[in-house]
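Please open the model in your viewer and keep the selection tool at hand. The stops below go from charged pairs to nonpolar cores.

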Amino acid sequence: MESRQVRKHKRKRYAILLTLVAAALAFSQGCSSREQTTEASGSGVPKVLNYGYIGTSALNVPAGAEGWGFQKGIIQEELKKHGIETINLTAFPNGPDLSESLISGRLDFGSLGDTPAILSRSTGAKTKVITQGSTDSIGYLVARKGGPASLDELKGGTVATQKGSFHHRYLIGLLKKKGLSEDVKVIHLLRVDAEAALARGEIDAMTNTGVFALKQIDEGYTLLDDATKHPELYGTGLTVVSEAYLAKYPDFPKVWNAARSKALEDLKQHPEEYYKFLAEVQNTKLEYVKKVSPIELIKEVPFTEKGLQLLEGTKAFLVEEKLAETDFPLEDWLIKP
């Protein structure tokens, strides 16, 4: 018969064995769980994506192929295939504000004008350009009612623009071209504030874009100039991603551009519905969006030769005018397919 000490020793060994088996099972289940999580999240891809864009609307989506894709769920569906389960969209009044959020890490990527993106990069912001979705952004210079009727009559006057935006680049380029750089006071106001100031006669002119400029012209304000007369002053639209996010998900540019391409393909099959969507996003008339945002202007590929030439010209101008803090090689900033 076993002694009490032997039985106690056996019970102890049995307890240890049970502990080891339980630990092994837990490890096995943990590995399985991690494998499932990794598979579900696309091999470590962050499940949440934070995207910023310019403009506000009740729909909380941008314009263009990106906005159509989000509104129809096309982009969400495509990105979910790669492990991105939630996409948070945030609207900004202008590019500089969006850039600050990108730098601070609140955003993973965003779409904005080329000028604020370049200015941000020139300060050392760790970003990469993955798409140049538009190359025909037109700046307008609109004067107050009963005010200047020509550019020469702006001498001694005050013009409002959104400093750091492509509006600003257009205005400074225009004034320099016309020899008015020293004769016009340029101040910073966001679009809605500038429109109100112009209506009150507190400023002589303001820069504006697209449907907002057309509305002012229809209301009797004077169009002094627009960038169609100076194609080198066109703005372009960029989609920029933080290097921190790219470090987590190096394949994101390819995945994003494929999703955007699918949205654009769908958009082209529903042109009238798209224009109605665009009018709702911008809270404007259908005729305005058809005039300033024709579908054929949306770029099908991430980069075009014309677009890159405009981008290089804008960067060179901003450096020359000392608006950009430093110069940098454009090729180092772009991620091409």
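Select Asp 136 to begin: in this predicted model, Asp 136 is buried, because its relative accessible area of 18% falls under the 20% limit. Now add Lys 306, which forms a salt bridge with Asp 136, the closest N and O atoms lying 3.0 Å apart. Since Lys 306 belongs to helix H13 (residues 305-320) and Asp 136 to strand S4 (residues 127-137), the pair ties together parts that are 170 residues apart in sequence. Lys 306 itself is partly exposed, with a relative accessible area of 42%, whereas its partner Asp 136 is buried.

Next, select Glu 232 together with Lys 177, where a second salt bridge can be displayed, with the closest N and O atoms 2.9 Å apart. Here Glu 232 lies in the loop between strand S9 (222-226) and strand S10 (235-242), while Lys 177 lies in helix H6 (residues 166-177), so the pair ties together parts that are 55 residues apart in sequence. Glu 232 counts as partly exposed at 40% relative accessibility, and Lys 177 also counts as partly exposed, at 45%.

Move on to Arg 260 and Glu 66, whose side chains meet in a salt bridge with an N to O distance of 2.8 Å. This pair links distant parts of the chain, with Arg 260 in helix H10 and Glu 66 in helix H2 (residues 64-72), 194 residues apart. Are these two residues buried or exposed? Both Arg 260 and Glu 66 are buried.

For a linked group rather than a pair, select Glu 78, Lys 81 and Lys 262, which are joined in a network of salt bridges. Across the model, the count of salt bridges comes to 20.

Now turn from charged to nonpolar side chains, which in soluble globular proteins tend to be buried together. The largest nonpolar core has 39 residues, of which Leu 79, Ile 84, Phe 252 and Tyr 274 touch the most other members. Colour helix H10 (residues 252-268) as well, since this helix gives the most to the core, with 7 residues. Then centre the view on Leu 79 and show its surroundings: leaving aside residues up to four places away in sequence, Leu 79 touches Leu 49, Ile 84, Ile 87, Val 255, Trp 256 and Ala 259.

As a last stop, select Ala 117, Val 129, Val 240 and Leu 318, which are included in a second, separate core of 22 residues.

Key: Residues numbered from 1 in each chain as written. Predicted model: local features only at pLDDT ≥ 70, side-chain atom pairs only at ≥ 80, totals over all residues. Heavy atoms only, no water. Core = buried A, V, L, I, M, F, W, Y, C linked by side-chain atoms within 4.5 Å. Buried < 20%, exposed > 50% of the residue type's maximum accessible area, 1.4 Å probe, protein only. Helix = DSSP H or I, 4+ residues; strand = E, 2+ residues; numbered from the N terminus. Contact = heavy atoms within 4.5 Å. Salt bridge = Lys/Arg side-chain N within 4 Å of Asp/Glu carboxyl O.
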